[in-house]
Structures are given as C-alpha cells and as structure tokens.
Amino acid sequence: MSSALVTGGSSGIGLAFAHALAARGDDLVLVARDESRLEAAAQQLRARHGVAVETLSADLADQDGIRTVEALVDAHEIGTLVNNAGFAAHTDLLDADWSGQAEALNAMALAVLVLSGAAARQMIGRGTGEIINVASVNALIDADVYSATKRWVISYTEALAGRLAGTGVHATAVLPGWVRTNYHAAAGMRRPHLPGWAWVEPDQVAAEALGAVARGRTQTTPKAVWKAAAWMLRHGPAGLARLVADRVRSGHDRQGAR
Ligand SMILES: NC(=O)c1ccc[n+]([C@@H]2O[C@H](COP(=O)([O-])OP(=O)(O)OC[C@H]3O[C@@H](n4cnc5c(N)ncnc54)[C@H](OP(=O)(O)O)[C@@H]3O)[C@@H](O)[C@H]2O)c1
C-alpha cells in the first residue's frame, strides 16, 4: 500500500495535511528536523487515526539532508507527496552573508525539485499519484528571497503538471495567505495584527489543497478572502503588488526578520 510523505509534517500546515491524509486512511512518512516534535506528532496521528507513521529527522536546508530524504522517497511507495517544509526568509537581499538565503533556496526550492522528481518517477510507473507544493500568496509580490522562492514553486509546479499530463499523476501549488501556525514564532517574528477573518486555519489549507489536486487543478488559494487578494495582486493595477511588497519589506526590516 502506498504512503503519503509530508515534509514539515510536525507542525502547522504540514501537520494539518498529515491529519487529513491519515483521516482518509493513508499511512504516513513525516520529515522535519526536531525529533521530539516529530515523535509527538506521530504518536498523536497513530492514536487518532490508527495509521502507521514513520518519521525521519533531516534538514532540507542542507543538500545532504535533501539526498537523505530523496533516498527515503525511493525506498517507499509514495502515493502523495506534500512539499511543505519551509520558514520565513525575509532578510535584506543585499546581506553579505547569503547563507540564510541559500538555505531558503535549498529547503523551499531545491528540495521541492528533487523530491517531486523522485516521487513522480515512481508514480508514473503506477499511473497515479499526487504532488502538492506549498507556495504562498507572498509569491505574488516581489519582496525578497522568500517571495522569489515561492514564485519559483508556482512556476515549477505548473511546469511539472504539464510534464505529467496524461500520466495519471497530478501536481498542485497551494498559495495560502496568513495561516495560524508556528511560522512567525519560528523566525522570531511577531504575528501580524490582522482581524480574525483574515487568518486561515491550517486544516482549511490542507482540505482545499487535497480537493484541488483531486480535481486536477494546478493552483489553489484557500479561503475566499485570499482568493480575492490573489486575484487583485495578479490582475489589479500594476503598482498594487509593488506597494504591498514595499509595506511587507519595511515591516520585516522593522522586525529584523531572518
Ligand atoms: N503560516 C503562514 O502564514 C504561511 C503562509 C503561506 C505559506 N506558508 C508556508 O507553509 C509551509 C509550512 O509552514 P507553517 O506555516 O506550517 O510553519 P511551521 O508551523 O513553522 O511549520 C514548519 C514545518 O517545516 C519544518 N521545517 C522547517 N525548516 C525545515 C528544514 N530546514 N528542514 C526540514 N524541515 C523543516 C518544521 O519542523 P522543524 O523546525 O523541526 O524542522 C515544521 O514541521 C512553509 O513552506 C511556509 O513557507 C506559511
């Protein structure tokens, strides 16, 4: 029987994906760095859904870590892959120390490319499979390396979906707005002050993404308010995305985001 592999499956959106996939009966493979949080998530998932859960501690910001997870994909029959692991990478583009930006590209772009390729090769052989890549509405503004990386995720996923057309394997990019997770705290940032209706719950992100990939959609933005925001950023006045990018960038500068 095939399993679902979720990177960043120990917290937030990834954990919500893990619950949604386990609820439909999928066995799970979860990847993240912190072993104790991985094990806590695995225990919760086994107890609630009665599925088998395997965990692997690996750092996807590191190319050796990516190769380790690639080998894990090769060793399993993966029916669903969720490339979700990620973190806020909002430092100044001109920083002389570019190590954090390189880590962001590794974890949120190179890992997506390598793991999607490994999973797709085996899925094609079975004529079925789902690949979900977590991007962001932030990709629709050009603010920093984070938005550039997430824009790459959307473009790559569209290309992958084209490459996979007619194979029975589907690829979908998910563009969430602001989601209540550990994302901001993990980067030492304050959560933005937004009205309650503007926040998206991680469960809604997972549910809408799984629905979209099942319908063969190549992109989805969960929650109506963020669908409207994404539409405005894509089709509204040319200066709008630049204005939002400037506001977001100066907010991150004030917070000294990593
Ligand atoms: N929250 C939002 O507002 C929002 C909006 C749009 C898109 N997103 C995207 O959603 C995805 C999930 O984020 P989240 O909001 O759920 O944040 P989160 O609660 O902080 O979860 C991040 C997950 O990724 C794992 N992770 C982080 N760095 C990793 C690395 N180098 N190697 C392996 N695993 C790593 C974390 O575990 P460890 O720390 O133990 O490794 C954790 O399981 C990210 O790609 C993020 O960019 C978030």
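In this predicted model, helix 1 provides the largest share of the shell around the ligand, contributing three residues. Helix 1 spans residues 12–23, and the other elements that supply two or more residues to the shell are helix 4 and helix 6 (183–186). The ligand is surrounded by 29 residues, of which Gly-8, Gly-12, Arg-33, Asp-34 and Gly-86 come nearest. By residue class, the shell comprises 14 nonpolar, eleven polar and four charged residues.

Helix 1 also packs against the sheet: it lies across strand 1 (3–7), strand 2 (27–32), strand 4 (78–83) and strand 5 (129–134), and its direction makes an angle of about 170° with strand 1. The sheet itself is open and consists of seven strands in the order 3-2-1-4-5-6-7, with parallel pairing. Strand 3 (53–57) and strand 7 (219–220) form the edges, each pairing on one side only. In general, the strands of a sheet pair through backbone hydrogen bonds, in either a parallel or an antiparallel sense.

Strand 4 is joined on one side to strand 1 through four bridges in the parallel sense, with Ala-4 standing opposite Thr-80 of strand 4. Four bridges also connect strand 4 to strand 5, again in parallel, and Val-82 has Ile-132 of strand 5 as its bridge partner. Six of the six residues of strand 4 are buried, and the strand is therefore largely enclosed by the rest of the structure.

Towards the edge formed by strand 7, strand 6 (residues 169–174) pairs with strand 7 in the parallel sense over two bridges. Within this pairing, Val-174 is matched with Thr-220 of strand 7. Helix 5 (residues 145–163) lies across strand 5, strand 6 and strand 7, running at about 165° to strand 6.

The largest nonpolar core contains 71 residues, and Phe-17, Ala-18, Leu-28 and Leu-30 have the most contacts inside it. The greatest contribution to this core comes from helix 4 (residues 99–126), which supplies ten residues. Such grouping accords with a general tendency: in soluble globular proteins, nonpolar side chains tend to be buried together. The surroundings of Leu-30 were examined further. Apart from neighbours within four places in sequence, Leu-30 is in contact with Val-6, Gly-9, Ser-10, Ala-18, Leu-38, Ala-41, Ala-42, Val-53 and Thr-55. One of these partners, Ala-18, is itself among the core residues with the most contacts.

Notes. Residues numbered from 1 in each chain as written. Predicted model: local features only at pLDDT ≥ 70, side-chain atom pairs only at ≥ 80, totals over all residues. Core = buried A, V, L, I, M, F, W, Y, C linked by C-beta atoms within 7 Å. Buried ≥ 20, exposed ≤ 12 C-beta atoms within 10 Å, placed from the backbone. Contact = placed C-beta atoms within 7 Å. Near = placed C-beta within 6 Å. Nonpolar A, V, L, I, M, F, W, Y, C, P; charged D, E, K, R; others polar. Pairing = 2+ DSSP bridges. Axes fitted to C-alpha atoms, helices over the stretch in contact; angles between N-to-C directions.
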